[in-house]
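Please look through the structure below alongside these notes. They are set out as numbered points, one topic to each.

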Amino acid sequence: MIESKIRKVGNSAVMTLTTEMLTILDAKEGDTLFIVRGDDGSLKITPHNPEVAAALATAEIVMDENRDLLQALA
């Protein structure tokens, strides 16, 4: 578990990500992170857009189901 404090900067509350956190996320300064709220109210920080990941997973299913047709069109 990694602990981080929330502090005030201007009118915002910010949480600093340590080097260890950035390493775990495989992220660096300037990258965009996505915060996803779980059904239980928890928050998950991820460097990957979950909407894009879901769309890619759906596309992969469609491509698998229609492999022969897609090869014929190629």
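**Notes on the predicted model**

1. The annotated domain. An unreviewed UniProt entry carries the annotation "domain: SpoVT-AbrB", and that record places the domain at residues 6–51. The model itself is predicted, not experimental. Over residues 6–51 the chain is 20% helix and 35% strand. The C-alpha atoms at the two ends of this stretch lie 28 Å apart.

2. The nonpolar patch. Which residues make the nonpolar surface patch of about 510 Å²? The contributors are Ile6, Met15, Ile35, Leu43 and Ile45. Ile6 belongs to strand β1, which spans residues 6–9, and Ile45 sits in strand β4, residues 43–46. Ile6 has a relative accessible area of 65%, so it is classed as exposed. Ile45, at 34% relative accessibility, counts as partly exposed. Both values fit the rule for patch members, because a residue must have over 30% relative accessible area to be included.

3. The largest pocket. The space in the largest pocket comes to about 170 Å³. Its lining consists of Ile2, Glu3, Ser4, Met15, Leu17, Met21, Ile24, Leu25 and Ile45. Which element gives the most to this lining? The answer is α1, with three residues. Met15 and Ile45 are among the lining residues, and Met15 and Ile45 are also among the residues of the nonpolar patch.

4. Leu17. This pocket-lining residue is in the loop between β2 (12–15) and α1. Is Leu17 buried or exposed? Neither: Leu17 has a relative accessible area of 25% and is therefore partly exposed, since the buried class ends under 20% and the exposed class begins over 50%. Leu17 and Glu29 are twelve residues apart in sequence, and their C-alpha atoms are 9.7 Å apart in space.

5. Asp26. The backbone at Asp26 deserves a check, with a positive phi of about 55 degrees although the residue is not a glycine. Asp26 is located in the loop between α1 (19–25) and β3 (34–37). With a relative accessible area of 70%, Asp26 is exposed.

6. Salt bridges. How many salt bridges does a search of the whole structure find? The count is two. Side chains of opposite charge can pair when their charged atoms come close. One of the bridges joins Asp31 to Lys28, and the closest N and O atoms are 3.2 Å apart. Of these partners, Lys28 is exposed at a relative accessible area of 56%, whereas Asp31 is partly exposed at 35% relative accessibility.

7. The Arg67 bridge. Arg67 forms a salt bridge with Asp64, where the closest N and O atoms are 2.5 Å apart. Arg67 counts as partly exposed at 43% relative accessibility, and Asp64 is partly exposed too, with a relative accessible area of 44%. Asp64 can also be placed relative to the patch residue Ile45: the two are 19 residues apart along the chain, and their C-alpha atoms are separated by 30 Å.

Conventions:
Residues are numbered from 1 along each chain as its sequence is written. This is a predicted model: local features need pLDDT of at least 70, side-chain atom pairs count only at pLDDT 80 or more; totals for chains, interfaces and linings use all residues. Side-chain values use heavy atoms; hydrogens and water are left out. Patches are made of residues with over 30% relative accessible area and no salt bridge: like charges are joined within 9 Å, nonpolar side chains (Val, Leu, Ile, Met, Phe, Trp, Tyr) within 5 Å. Accessible areas come from the Shrake-Rupley method with a 1.4 Å probe; for residues, only the protein chains shown count as cover. A salt bridge is a side-chain nitrogen of Lys or Arg within 4 Å of a carboxyl oxygen of Asp or Glu. Helices (H or I, at least four residues) and strands (E, at least two) are DSSP runs, numbered from the N terminus. Buried means under 20% relative accessible area, exposed over 50%, partly exposed in between (1.4 Å probe, protein chains only). UniProt positions are given in the numbering used here, feature names are shortened, and annotations may be inferred rather than shown by experiment. On a 1 Å grid over the protein atoms alone, a cavity is a set of points where a 1.4 Å probe fits but cannot get out, and a pocket is an open set with protein on both sides within 12 Å along at least five of seven lines; lining residues have an atom within 4 Å of a point. Grid points are joined across faces, edges and corners, and a volume is the space filled by probe spheres set on the points.
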